[in-house]
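Visitor: I would like to go through this model with you and ask what stands behind each label.

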Amino acid sequence: MKLKDKTSRRQFLASGLGAFLPLDQRHNAVPSSVASLSPIRFRNVADSAGLHFVLENHATPQKHLIESMAGGVAAFDYNNDGLTDVFFTNGASIPSLQKDSPKYFNRLFRNEGGMRFTDVTEEAGVAGIGYSMGAAAGDYDNDGHVDLFVAGVFRNTLYHNRGDGHFVDVTEKAGIKSDKWAVAAGWFDYNNDGLLDLFVVNYASWSPSYNRFCGDASRNLRVYCHPTYFEGLTNTLYRNRGDGTFEDVSERAGIAQHHGRGMSLAFADYDNDGFMDIFVTNDNQENFLFHNRGDGTFEEVGVMAGVALLNSGKPVSSMGTDFRDYDNDGRPDITVVDLANETFPLFHNLGGGLFEDATYRTRLSVLTLERSGWSTGFFDLNNDGWKDLFTTCSHVDDNVEMFQATRYKQPNSIFANLGDGTFWDVSAQAGEDFQVPRPHRGCAFADFNNDGKIDVVVVSLQDRAELWENVSPRPNHWIILKLTGTKSNRDGIGARVRIDKQCNHMSSSCGYASSSHFGVHFGLGKLEKIPSVEIRWPSGTVQVLRDVQANQILEVREPRSSERI
């Protein structure tokens with residue numbers, strides 16, 4: 001949006017839309033690059049879409065920490081009809097940790113087309129057991145049907161998709177354990193054997209009997225205890241044996257030597273050696289970057305690579321994350337969201353295995369200082385060729401306003417990528433209802449109506465889910481690649497795609513405890529025909545497509561050998 005003069009700017013701020021803008025956008029001149037920015041617009045269509053879901057976290061006077069951390073969501077096509085469906089995780093009763101009422105059921109909504117959904121939870125068999133947290137979608141057995149993993153508090157569930165609209169709980173048969181509080185999980189092929197492996201992010205030691213009082217007893221003000229009161233756990237890596245079972249290789253792979261309070265994860269080959277690496281956010285501890293050595297083992301290099309901490313040297317409340325190239329230099333970068341007064345870190349990939357803290361240089365420091373974030377994702381929301389940053393926002397404590405100068409319920413945020421290495425907050429202009437504050441948690445990204453624009457589904461504690469249809473007006477061009485591996489895993493997860501200077505990769509892991517499994521999206525700006533699309537499959541096969549028409553969902557199958565067409 002272009003603000004032509006000081007009068008119009010004052011009118012904009014007086015309207016109330018600028019009340020949640022960062023300080024520099026309230027008082028400083030609008031950069032010239034904003035004037036040419038393609039608008040980003042959303043509208044919440046959850047009600048008309050039939051996406052009726054309320055996240056039940058069973059809030060208690062005891063302020064059990066698990067209550068504040070529920071809220072994963074997965075977007076994936078479970079029935080292969082070409083439409084992306086939505087799965088919500090849900091809580092349970094405390095202290096029993098049982099889903100003793102339908103209000104606690106996890107929910108699956110089938111996409112009927114035209115932005116309309118139907119609740120198919122019971123017929124699909126995915127109502128679930130226990131206090132669920134995160135979700136991860138991936139076809140682990142290469143049968144062409146996307147399966148589902150649900151992480152939870154002492155209850156993990158692996159659902160095998162039979163391909164007939166029904167899922168089967170194969171957790172025990174597959175060898176998946178449920179001995180820890182798991183928050184998130186993700187699918188990736190760490191050894192490039194064509195089978196998706198599973199990484200489970202565990203948080204901390206906790207039990208329903210934990211009843212420490214945290215807060216101000218004199219005011220009878222109880223809050224959720226700080227994470228430092230909870231001992232961190234190790235994460236779990238399961239190797240896919242290819243026979244429907246998994247082997248816990250955490251010790252052998254070098255994962256189990258590292259304790260943290262894990263919140264979320266994202267995968268990328270940050271050093272371009274052909275093997276997927278793992279970034280794990282830790283709550284008020286150093287983040288982990290597990291470098292894949294390519295021999296079945298990992299080396300934790302977070303501090304050495306420059307992504308464990310901010311430049312201040314202090315850990316922050318790291319929550320959701322994404323691992324993609326935001327500046328089109330061919331190297332995947334890392335974004336993290338955390339609480340107010342911490343800023344949302346952005347680690348820029350310098351190459352050579354090193355990152356720099358670019359939070360200030362990109363302006364995200366001042367843009368995010370007053371916000372608390374949970375989930376995030378780098379996606380090109382206006383199809384101009386530059387990945388923008390979407391974040392869900394809310395504080396952890398529902399009574400934080402009684403002891404801090406911040407808000408509990410907050411509106412979501414959109415930081416537009418200006419293409420010059422900086423971002424601009426366009427949240428206030430995203431739509432009339434976009435600035436509604438809620439206790440947001442997880443989110444998932446997909447093109448739910450197949451119009452080429454990325455939509456977002458967001459969950460909130462004890463509140464209605466939001467389905468943000470992307471109605472950005474400028475007709476920029478786009479393409480979505482749906483990859484099918486033949487020598488690689490069937491999902492093509494880990495495949496790296498380049499269009500001109502833009503790079504992206506197939507991954508279903510981003511955000512907070514959530515999963516986005518729909519393909520690889522590129523905004524193309526004014527480009528109507530793509531000269532070449534280069535795909536580097538996990539198997540090592542290189543495929544080049546020539547003169548590809550824009551504005552299509554293109555299904556690409558991995559060739560049996562490297563080919564250039």
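Visitor: In which strand is the place of N282?

Guide: N282 belongs to strand β19, residues 277-282, a strand being a DSSP run of E of at least two residues, numbered from the N terminus. This is a predicted model, in which local features need pLDDT (the predictor's confidence in each residue, from 0 to 100) of at least 70, side-chain atom pairs count only at pLDDT 80 or more, and totals for chains, interfaces and linings use all residues. Residues are numbered from 1 along each chain as its sequence is written, and side-chain values use heavy atoms, with hydrogens and water left out.

Visitor: Why is N282 called buried?

Guide: Buried means under 20% relative accessible area, exposed over 50% and partly exposed in between, with a 1.4 Å probe and protein chains only; N282 has 1%, so the residue counts as buried.

Visitor: What makes C214 and C225 a disulfide?

Guide: The definition asks for a pair of cysteine sulfur atoms within 2.5 Å, and those of C214 and C225 are 2.0 Å apart. The torsion about their S-S bond is about 95°, so this disulfide is right-handed. C214 lies in the loop between β11 and β12 and C225 in the loop between β13 and β14, so the pair ties together parts 11 residues apart in sequence.

Visitor: Why is the sulfur of C393 too far for a bond?

Guide: The closest cysteine sulfur, in C443, is 10.0 Å from that of C393, and therefore too far for a bond. C393 is itself buried, at 0% relative accessibility.

Conventions:
Helix = DSSP H or I, 4+ residues; strand = E, 2+ residues; numbered from the N terminus.
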